[in-house]
Amino acid sequence: MPARTLAPKSSAPPPSTRAVIYARVSSKEQEKEGYSIPAQLKLLKDYAAAEGFTVAKEYVDVETAKQTGRGAFGEMVTWLRAHPDVRVILVEKTDRLYRNLKDWVTVDDLDAEIHFPKEGVVLSRDSRSSEKFMHGIKVLMAKNYIDNLSEEARKGMQEKAEQGIWPTKTPLGYLNVTGPDGRKVIAVDPEVAPIIAKLFEWYATGEYALKEVAKKARAAGLVYKKSGAPVPTSTVHSILRNRLYTGWFEWNGKLYQGKHEALVPVELWERVQGVMDGRNASKHRRMTHDFAFSGLIACARCGCSVVGEIKKQKYIYYHCTGYADKCRGEPASCRRKYVREELLEQQFTAMLGRLRFDDEVLEWVREALHASHADERREHEEAIARLQAEHARLGERISAMYVDTLDGKITGEFFEEMSGKWREDQRRLQRDIERHEEAEQSYMEEGLRILELARNAQALFERQPAREKRRLLNFVLSNCTWEDGEVVATFRQPFDLLAETAAIATREAAADQAKSAKNDIWLGW
């Protein structure tokens, strides 16, 4: 979409030309890689000047935020809601603005005009459907990229666990510290550890209830480190169940011997488990069935959840929970109405059948992705070059220090300490290089995979187990409600455009206008 040029004014511009700027790097590490906040701000300010916008506010986030709640992002949304006269957001490109689908919905509700200078795109209510659809694909790809980064983080944590290093935030009694080799490890908290040890000793006697030992621990000074708030009974329960205090820990279902110092003997921990299990022996939990649609649908009459239930050990029925405090009408009337799971499945299958499109649309998206891929490829190549240069620099530094060791200028102990730290930095850099290489290679594939998912959603749904059915429906549908056996739902963006295209093309097919109908939606002809 061609950029609009607004004539600059000598006096203060009218409110319609005011804009906010948003810049983000997803972590301190990414900022070091070259995704510079100053560079983003310069680009956006230059763009604002060229287009005649006055920058009303600037918002910057430097953090990892897979979930919504980023500081500056939240402040920007709040400010825009309080200033309806400002409805223009300037942001470098799609994945700088959104970290997940919830962010997308939040920004969409603002009804703002969003400018992505690096992508050459301006999105607004009046944008063509083709532009909205491509934007939606990019948001989904950005979300998948975040999920891939999370997977890489999980791999790194698994590697640490296998080396005997607790890979995440420590519980009370330990501290996260940097070891001699530069790696993050855990160490005993000298202030809290003695209280934790006493806690186990008190409870192992069997003379105290959980609430009583929690009270004793609080009296001894057991509080949260940052807030100073007293530790509740639930946290004491978690402490007593945590094997980490024995010097061993569980990670992803496996038991590892840690390199950290134990606070209690294994025998004492096992005695505590016996006391807890003895007191809880009568509290058996009932096994639950994995219902495909529980938690996915709300009752259209009262808004309560629609849940599954097995009848006669064989048939699955769904009904409204009908909680009185949530119902607008008589709750019993909701609860008395049941629907078989097979009927719900048929209706969801029919909905997914509306996500169909022909090879022409697929080819159009393929070409659009290819055009947008050039910018992504260049950025990944630049990041890889920076990381490789840093990797090489560390290698040269290790080699130079080794020569100094041979010449007697530094001790062998100092060389081992520093070279260990730098080699760890090299391993981190290598992981980042591989991540960029994989992201660069999968950009096109990822976009097309999302399209193929939509195209094959109906067939996939029919043959998947309950958990996967629920995930697929959550991905493409929202606002699912049920009343009198009928399910009503809306497609999430950008899948709504696929469904709309197919519906209009079908209606126009009889009049031989399907081609023009599709063009009207996708290309704005």
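A residue counts as buried under 20% relative accessible area, as exposed over 50%, and as partly exposed in between. The exercises below use this definition on a predicted model.

**Exercise 1.** Decide whether Asn479 and Asp111 are buried, partly exposed or exposed.

Solution.
- Step 1. Take the value for Asn479: its relative accessibility is 61%.
- Step 2. The cut-off for exposed is over 50%, so Asn479 counts as exposed.
- Step 3. Take the value for Asp111: its relative accessible area is 38%.
- Step 4. The range between 20% and 50% is called partly exposed, and Asp111 is therefore partly exposed.

**Exercise 2.** State what is notable about phi in Asn479 and Asp111, and locate each residue.

Solution.
- Step 1. Asn479 is not a glycine, yet its phi is positive, at about 55°.
- Step 2. Asn479 belongs to strand E14, which covers residues 477-483.
- Step 3. Asp111 is also a residue other than glycine, and its phi is positive, near 55°.
- Step 4. Asp111 sits in a loop, with helix H5 (101-109) before the loop and strand E4 (113-116) after it.

**Exercise 3.** Describe the surroundings of strand E4, starting with its two faces.

Solution.
- Step 1. One side of E4 carries Glu113 and His115, the other Ile114 and Phe116; these residues are all buried, and both faces are covered.
- Step 2. Strands of a sheet pair through backbone hydrogen bonds, either parallel or antiparallel.
- Step 3. Strand E3 (residues 88-91) runs parallel to E4, joined by three bridges. Here Val88 is opposite Glu113 of E4.
- Step 4. Strand E5 (residues 121-123) runs antiparallel to E4, again with three bridges. Ile114 has Leu123 in E5 as its bridge partner.
- Step 5. E4 and E5 form a hairpin with four residues between the strands, and Gly120 has a positive phi near 70° there.

**Exercise 4.** Give the strand order of the sheet that contains E4, and name the edge strands and the helices packed on the sheet.

Solution.
- Step 1. The order is E2-E1-E3-E4-E5, an open sheet of five strands with mixed pairing.
- Step 2. Strand E2 (54-62) and E5 each pair on one side only, and these are the edge strands.
- Step 3. From one strand to the next, the twist averages 20°.
- Step 4. Strand E1 (residues 18-25) pairs with E2 in the parallel sense over eight bridges; Val25 has Val62 in E2 as its bridge partner.
- Step 5. Helix H2 (residues 37-51) lies across E1, E2, E3, E4 and E5, at about 160° to E1.
- Step 6. Helix H3 (residues 71-82) touches E1, E2 and E3 as it packs on the sheet, and its direction makes about 150° with that of E2.

Key:
Residues numbered from 1 in each chain as written. Predicted model: local features only at pLDDT ≥ 70, side-chain atom pairs only at ≥ 80, totals over all residues. Heavy atoms only, no water. Buried < 20%, exposed > 50% of the residue type's maximum accessible area, 1.4 Å probe, protein only. Pairing = 2+ DSSP bridges. Axes fitted to C-alpha atoms, helices over the stretch in contact; angles between N-to-C directions. Contact = heavy atoms within 4.5 Å.
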